[in-house]
Amino acid sequence: MTALRRHLVPMVGRDPAEDHRVSTPLELLFDLSFVVAISVSAGELHHEIAAGHLHDGLIGYLSTFFAIWWAWMNFTWFASSFDTDDVAYRLLTFVQIIGVLVLAVGIPDAFGGDFALVTIGYVIMRLAMVAFWLRAARASEERRASALRYAVGIAVVQVFWVARLFVLRDHWLATFLMLVVAELAIPALAEPDAKGSAWHPEHIAERYGLFTIIVIGESILAATGAIRTALDGGFSGELLTIAIGGMVLVFGLWWLYFERSAHEPLVDIGRGAFLWGYGHYVLFAALAALGAGIAVAAEVPADGYGLVISPVTQALAVAIPAAIALASMALLQAFLHREPASRTVRLLGGAVAIIVIGCI
């Protein structure tokens with residue numbers, strides 16, 4: 001019994017004012033599994049755009065990326081509040097990692113309309129979250145009601161995700177959007193007074209910063225591929241220009257995101273932190289899509305303009321996600337830091353300019 005107690009630390013909640021709270025090695029391993037899923041999703045988007053299937057590619061990408069992002073976000077905020085790092089916590093996190101990898105394997109099928117494996121992987125991750133919240137409900141009297149609402153809400157929505165595969169398949173897009181709304185509503189219903197958890201502002205800011213670097217990595221990978229192609233096929237100034245231009249965009253977006261720390265504003269923003277966290281879906285999806293766009297643009301000289309899409313479309317494959325990333329970043333920073341309207345307008349103007357340049 002004594003050994004069991006050592007392996008099951010009561011999940012009463014972490015101190016939100018704890019000093020030197022940083023990401024743990026387990027969280028970094030967790031993030032690593034998402035690198036795989038994001039890479040597969042962005043890669044499929046690249047292939048769909050290059051093949052001229054923009055509509056199907058966007059639907060497949062935005063839906064699979066939502067599953068990736070929402071699972072990451074839920075665990076991240078939970079861990080910020082209740083990380084015990086005991087044996088049970090580690091094992092349940094391993095289960096979530098397995099779910100991420102199952103989801104990643106199913107992403108190519110999802111782009112073809114078959115969401116079975118993606119749903120299975122997602123449900124694996126979410127059921128592990130149910131177990132986490134039940135542990136928190138058992139140990140934390142102060143947060144028991146909120147934890148139970150989380151557990152019940154997540155479990156109920158998962159039933160509908162599974163039902164969607166069998167009885168709701170004829171209305172898959174409408175049901176997907178309805179279930180997305182249900183997922184997004186769970187935190188608001190579970191924590192109506194914002195006291196159900198005790199997330200750590202510094203920890204959350206760091207975790208979001210790390211995920212930003214992960215999605216930016218897709219663009220770095222694509223630019224590296226363009227350079228490699230240029231060298232393998234003989235010198236290509238056009239490919240090198242694409243690679244260098246892609247890296248300039250990446251450096252600029254990185255600079256803007258990390259220009260100011262999100263830690264201190266998150267302390268004072270209260271429930272607004274959830275809106276800030278939700279808004280990152282657009283930013284993260286755009287940053288990862290930028291990598292897909294750079295890869296599409298790099299195929300232009302490599303294939304001798306033999307693709308089915310026009311050079312303008314290929315340019316917009318870079319310009320549009322870059323502009324969306326810049327615009328969403330401007331709005332998130334304006335919301336969090338209460339930036340002057342003039343700065344936000346300048347950044348939004350820059351986003352419009354990127355798209356205009358892409359059309360030229």
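Leucine 331 touches Thr344 and Leu348, leaving aside residues up to four places away in sequence; contact here means heavy atoms within 4.5 Å. Leucine 331 sits in helix α12, where helices (H or I, at least four residues) are DSSP runs numbered from the N terminus. With a relative accessible area of 49%, leucine 331 is partly exposed; buried means under 20% relative accessible area, exposed over 50%, and partly exposed in between, using a 1.4 Å probe and protein chains only. The C-alpha atoms of leucine 331 and tryptophan 276 are separated by 9.6 Å, with their positions 55 residues apart along the chain. This is a predicted model, in which local features need pLDDT of at least 70 and side-chain atom pairs count only at pLDDT 80 or more, while totals for chains, interfaces and linings use all residues. Residues are numbered from 1 along each chain as its sequence is written, and side-chain values use heavy atoms, with hydrogens and water left out.

Next comes helix α13. This helix covers residues 341-359, and at 1.5 Å a residue its 19 residues should span 27 Å, which agrees with the 27 Å between its end C-alpha atoms; the expected span is 1.5 Å times one less than the number of residues. Which residues of α13 are buried? They are Arg343, Thr344, Leu347, Ala351 and Gly358. Looking down the axis of α13, these buried residues fall within an arc of 110°, so they line one face of the helix; the arc is that of the directions from the helix axis to the C-beta atoms. As a rule, an α-helix has 3.6 residues a turn, so residues three or four places apart point the same way. On the other side of α13, the exposed residues are Ala341, Val345, Arg346, Val352 and Ile357. The buried residues of α13 pack against α9 (237-257) and α12 (311-337).

Helix α9 tells a similar length story. Its 21 residues should span 30 Å at 1.5 Å a residue, and the end C-alpha atoms of α9 are indeed 30 Å apart. Buried in α9 are Leu239, Ile242, Ala243, Gly246, Met247, Val250, Leu253, Leu256 and Tyr257. Take leucine 256, which belongs to α9: leaving out residues up to four places away in sequence, leucine 256 touches Leu326, Met329, Gln333, Arg343 and Leu347. Leucine 256 and leucine 326 lie 70 residues apart in sequence and 8.6 Å apart in space, C-alpha to C-alpha. Leucine 240 is also found in helix α9, but at 22% relative accessibility it counts as partly exposed. The C-alpha atoms of leucine 240 and arginine 271 are separated by 45 Å, although the two are 31 residues apart along the chain.

Earlier in the chain, two helix pairs can be described by their axes, which are lines fitted to C-alpha atoms over the stretch in contact, with angles running from 0 to 180 degrees between N-to-C directions. The axes of α3 (residues 54-82) and α7 (residues 172-190) come within 12 Å and cross at roughly 25°. That makes α3 roughly parallel to α7; angles under 35 degrees count as roughly parallel, over 145 as roughly antiparallel, 65 to 115 as roughly perpendicular and the rest as oblique. The crossing of α3 and α7 is left-handed, a label used if the near helix is turned anticlockwise from the far one by less than a right angle, with right-handed if clockwise. Ile59, Ser63, Phe66, Trp69 and Trp70 of α3 meet Trp172, Phe176, Val180, Glu183, Leu184 and Pro187 of α7. As for the other pair, α4 and α5 (residues 116-139) pack at an angle of about 160°, their axes 6 Å apart. That makes α4 roughly antiparallel to α5, and α4 passes α5 in a left-handed crossing.

A few single residues round off the picture. Glutamate 27, in helix α2 (residues 25-50), counts as buried at 1% relative accessibility. Its contacts, not counting residues up to four places away in sequence, are Val22, Phe75, Ala79, His203 and Arg207. Alanine 147, in helix α6 (residues 144-166), is buried too, with a relative accessible area of 0%. With the same neighbours in sequence left out, alanine 147 touches Trp133, Ala136 and Ala137. Aspartate 85 is found in the loop between α3 and α4 (87-111) and has a positive phi of about 55° although it is not a glycine.

Methods. Helix = DSSP H or I, 4+ residues; strand = E, 2+ residues; numbered from the N terminus.
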